[in-house]
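This report describes the covalent links, charged pairs and nonpolar cores of a single protein chain. The sequence and structure are shown first.

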Amino acid sequence: LRNRHDTKDDGNSTNFPSLASPAQNLQDMVARVESLAKNTQTRIDELSRLSKEINALETKYLKNMDSKQTFVSDQFNQDNARQSQKHGGSSHLLDSKESKDQSHKPTVVAAVLVVACNRPSVQAINIIIVRRALELILQYNPSLEKFPVIVSQDCNDAKTTTSIRRFQDRGVELIQTEQQPDQSPPKLEAKFKNFDGYYRIARHYKFFLSEMFDVRQYEAVIIVEDDLDIAPDFFEYFEAGKHLLLRDPTLWCISAWNDNGKSEFVSDHKRLYRTDFFGGLGWMMLKSLWVDELSTKWPPSFWDDWMRDHEQRKDRACVRPEISRTRTFGRIGVSRGQFFDQYLKYIKLSTEHVAFTKEDLSYLLKDNYDLNFLEEVSIKDIKVIKRGEVVRVEYNSADQLAFSNIARQFGIMDDLKAVEWLSWPLEPRTFLCNWLHVLLAQS
């Protein structure tokens, strides 16, 4: 091919289509690349500027917090000194008051253990995540004596540690740095290198569970990750749940989470269920479970899947709410947002305060629950379906894909961990669909 020459058409010459020269094409491409590079550099400069502004605001915020803390501390010392002079110069006035009121102190219901690390995100955002979780826990906590708040921070990130320490004057305790878990890289075979994070998490969990139960001797612990919002009645729910754990040996945990708790599937703020599935994401366990069973065989990785195995569960159940008492906002983490966009971010968080400690929860005791639930599950042919009816939908129990296929049709969580099939049969999944109570059960 060649460019057409500007010659008169005498009828005999051949006209070729006009094409830009290769040199011109190359120049155009270079110009486009330079333009893109310039735009990219402009964006990089803008991000750098914003990052500096965020850091400056953070520094200003921390200085203001330091000033407020110093002011409060000075006021406290002055007030205490005046009280001391008023009462004959006693420098231990508060101690004497505490000793007098010792018999009236509320018993610890459960310690709240906040799991923190350093999510692979912008530092300022990571610090906001930790603050958000702790602020809600302190806002809804009825008493730090009943529910002491302790943070266990993995990863040794200095900025996150500084942020957590800002809450110490409000009663939050950070497990001391020298007590923190092993930070060395796990020794893994090449095929497991991509799962390094899961090994670190399991190691951290073993550390703080031992710290809370073996060292501090708490009777019950509520485990909360640093990317969870909690409901207003979160502590009321767990206080009532602890009574159930102590009363019924067929229960082994209380969970604040419902995997199928999307808005369209739930409605009753008071309704609780027994479940054979360990959900996590805000859960309580007793010291006896750790000391007598789990501590000596804690797994090196994938601790939550391990908890779902029949060898650990032993036909026991957890209690979970119809409407979740926690909601995760942590899309970024070791699991890389698995299921977050499809399910987790749509989970409804309860906004009502239910006085669970005043509710009759005896229906959750195994004998009572089985009698009522089995009657519902055994529902068969229904000729006329009315609003609010309970409907049984069956799937082929011989086909492992049958559950996942029908779950996807309804829009509920279709993920099945391999260990669940070892615990066959599965419990029926319960949810709302077009104002019907659906029980998805095996044939």
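## Basis of the description

A residue is termed buried when its relative accessible area is under 20%, exposed when it is over 50%, and partly exposed in between, with a 1.4 Å probe and protein chains only. The model is predicted, and for that reason local features need pLDDT of at least 70 and side-chain atom pairs count only at pLDDT 80 or more, whereas totals for chains, interfaces and linings use all residues. Residues are numbered from 1 along each chain as its sequence is written, and side-chain values use heavy atoms, with hydrogens and water left out.

## Overall composition

The chain has twelve helices and 13 strands. These elements are DSSP runs numbered from the N terminus, helices being H or I runs of at least four residues and strands E runs of at least two. Of its 443 residues, 43% count as buried.

About 25200 Å² of the chain is exposed, and carbon and sulfur atoms supply 52% of this area; accessible areas come from the Shrake-Rupley method with a 1.4 Å probe, and for residues only the protein chains shown count as cover. Contacts (heavy atoms within 4.5 Å) are often long in sequence terms: among those between residues at least 6 apart, 75% join residues at least 24 apart.

## Disulfides

A disulfide is a covalent bond between the sulfur atoms of two cysteines. With the criterion of two cysteine sulfur atoms within 2.5 Å, a search of the whole structure finds two. When the bonded cysteines are numbered in sequence order, the pairing is 1-2, 3-4.

One disulfide is formed by Cys-117 and Cys-155, with 1.6 Å between their sulfur atoms. This pair links distant parts of the chain, 38 residues apart: Cys-117 belongs to the loop between β1 (111–116) and α3 (123–140), and Cys-155 to the loop between β2 (149–153) and α4 (158–165). Both positions have some accessibility: Cys-117 is partly exposed with a relative accessible area of 24%, and Cys-155 is partly exposed with 31%.

The other disulfide joins Cys-253 to Cys-318, with an S to S distance of 1.9 Å. Here the link is between two strands, Cys-253 lying in β6 (residues 251–255) and Cys-318 in β9 (residues 317–321), 65 residues apart. The torsion about the S-S bond of Cys-253 and Cys-318 is about 115°, so this disulfide is right-handed. Cys-253 is buried at 1% relative accessibility, and Cys-318 is likewise buried, with a relative accessible area of 1%.

## Salt bridges

Salt bridges are counted where a side-chain nitrogen of Lys or Arg is within 4 Å of a carboxyl oxygen of Asp or Glu; the count comes to 15. One of them pairs Arg-216 with Glu-173 at 2.9 Å, N to O. Arg-216 is in the loop between α5 (196–215) and β4 (220–225), while Glu-173 is in strand β3 (residues 173–174), 43 residues away in the chain. Arg-216 is partly exposed at 23%, as is Glu-173 at 33%.

Glu-293 and Arg-316 form another salt bridge, their closest N and O atoms being 2.8 Å apart. Because Glu-293 lies in helix α7 (residues 287–294) and Arg-316 in the loop between α9 (310–313) and β9, the pair ties together parts 23 residues apart in sequence. Both Glu-293 and Arg-316 are buried.

In a further salt bridge, Asp-229 meets Arg-327 with the closest N and O atoms 3.4 Å apart. Asp-229 is in strand β5 (residues 228–230) and Arg-327 in strand β10 (residues 326–328), so the pair ties together parts 98 residues apart in sequence. Asp-229 is buried, with a relative accessible area of 3%, whereas Arg-327 is partly exposed at 30%.

## Nonpolar cores

In soluble globular proteins, nonpolar side chains tend to be buried together. A nonpolar core is taken as a set of buried Ala, Val, Leu, Ile, Met, Phe, Trp, Tyr and Cys residues joined through side-chain atoms within 4.5 Å. The largest such core has 47 residues, and Val-112 and Ile-222 have the most contacts inside it. Its largest share, seven residues, comes from α6.

Beyond residues up to four places away in sequence, Ile-222 touches residues including Val-112, Phe-147, Phe-238 and Trp-283. Another core, of 28 residues, lies apart from the largest one and includes Leu-113, Val-115, Leu-209 and Cys-318.
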